[in-house]
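User: Please take a close look at the cysteines of this chain, and then follow the packing around them outward into the rest of the fold.

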Amino acid sequence: PPLPRRGSHRLATPRSWEASTFASPSWIADLASRYDASSRRRERALVDAEVRAEWFAGRRQERDNALAERVAARLRLGEREDELLQEEEQLVGEGELLPELNEEMEVIIDGALAVGDPNEVLVSEFLIDIRRQDVATLSGLSWLNDEVINFYLQLVSRRNAADNLLPKVHVFNTFFYPRLVSKGYKSVARWTKKVDVFSKELLLVPVHLGVHWCMALVDFRDRKISYLDSLGGRNPECLAALRDYIVSESLDKKKTRMDVSDWTEATPSTPKQLNGSDCGVFACLFGEYAARGRPFSFTQDHMPYFRRRIVWEILNKKLLQ
């Protein structure tokens, strides 16, 4: 048949419409199904976008809060800098001779801190992989992460275990304290399944407070629990939690209630950080020096040295003497 002339229209008759594909119930159902599926996909996309927006907003808020805390801490310390320096002079005294990082060591350190694949594993020990991105937390004014702190403190523990002149030490990892205070003793009871903490002389407990690292000590020799904070803070909750922990641990592992009535809790004066970034290094050093029974003879000025030294110690799996 001839094509309709331009501008003319042919209207479908009722009979031709009923016979067309578009009037088929299956086609209409399929169209409705596709529309519903498309609508659901759009709804899911909107919900996903809202969830992602909320998540990113939360992360931004966390970073903003952390930055505000760092700035506030630095301002508080700046106001007391002269006072803190005088305190450190009294605490440190002459100090101890620190081993020098020679040229060969410096080359190794620079290589580890150089730009590269952040996921490259540089060293593995204690069931911990230290990647390039972990070592990078020891550069500049970066915050130390869990992997670096856990690895370093395991080096302290192994050093002490190999030296009969040093106290027997057990090191808890950085996840122990947050779990203990948030979920209670039962949540960490199995963490010492293979170790008798009461056979040790000193327990090292790294304490992470969100944007700040501290160190706690449980000293069985002096029957004392100490909280060491490079910002000079106090944490009675931590001291109480660790006191309750050793009582619960004794009941669980020894089936006896440990008498802690004569134990003391202390927040001794320590060297102070003068920025908002070096708390992790201070916490590590509090643990390392305490494990040798040495006074804290270091200051903020030593932090660049210790950051590089810890890089070398981690890469070589041993502490410098």
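Analyst: In this predicted model, the structure holds 0 disulfides. C279 is in no disulfide, the nearest cysteine sulfur being that of C214 at a distance of 7.4 Å, and with a relative accessibility of 3% C279 counts as buried. For C284, the closest cysteine sulfur belongs to C279 and lies 9.9 Å away, which is too far for a bond, since a disulfide is taken here as a pair of cysteine sulfur atoms within 2.5 Å. C284 is buried as well, at a relative accessible area of 1%.

From C284 the packing can be followed to Y152, which touches C284 together with L285, E288, I310, E313 and L319, leaving aside residues up to four places away in sequence. Y152 and L285 are also among the residues with the most contacts inside the largest nonpolar core, which has 45 residues, and L204, F298 and I314 complete that group. Several elements each supply at least two residues of this core, namely α4 (103-113), β2 (128-131), α6, β3, β4, β5, α9 (279-292) and α10 (303-316). The largest share, 10 residues, comes from α9. A second, separate core has 27 residues, and Y227, A241, Y245 and W263 are included in it.

Three of the strands that contribute to the largest core, β3, β4 and β5, belong to an open sheet of 5 strands with mixed pairing, whose order is β3-β4-β5-β6-β7. Its edge strands are β3 (169-171) and β7 (264-266), each of which pairs on one side only, and the twist from one strand to the next averages 15°. Within this sheet, β4 (residues 202-208) and β5 (residues 213-219) run antiparallel and are joined by 7 bridges, with L202 standing opposite D219 in β5. Helix α6 (residues 146-161) lies across β3, β4 and β5, and runs at about 165° to β3.

For the setting as a whole, the chain has 10 helices and 7 strands, and 38% of its 321 residues count as buried. Of the contacts in the chain with a separation of 6 or more, 62% are accounted for by residues 24 or more positions apart. The chain exposes about 19,100 Å², of which carbon and sulfur atoms supply 53%.

Definitions and conventions:
Residues are numbered from 1 along each chain as its sequence is written. This is a predicted model: local features need pLDDT of at least 70, side-chain atom pairs count only at pLDDT 80 or more; totals for chains, interfaces and linings use all residues. Side-chain values use heavy atoms; hydrogens and water are left out. Helices (H or I, at least four residues) and strands (E, at least two) are DSSP runs, numbered from the N terminus. Buried means under 20% relative accessible area, exposed over 50%, partly exposed in between (1.4 Å probe, protein chains only). Contact means heavy atoms within 4.5 Å. Accessible areas come from the Shrake-Rupley method with a 1.4 Å probe; for residues, only the protein chains shown count as cover. Two strands pair if DSSP finds at least two bridges between them. Axes are lines fitted to C-alpha atoms, for helices over the stretch in contact, and angles run from 0 to 180 degrees between N-to-C directions. A nonpolar core is a set of buried Ala, Val, Leu, Ile, Met, Phe, Trp, Tyr and Cys residues joined through side-chain atoms within 4.5 Å.
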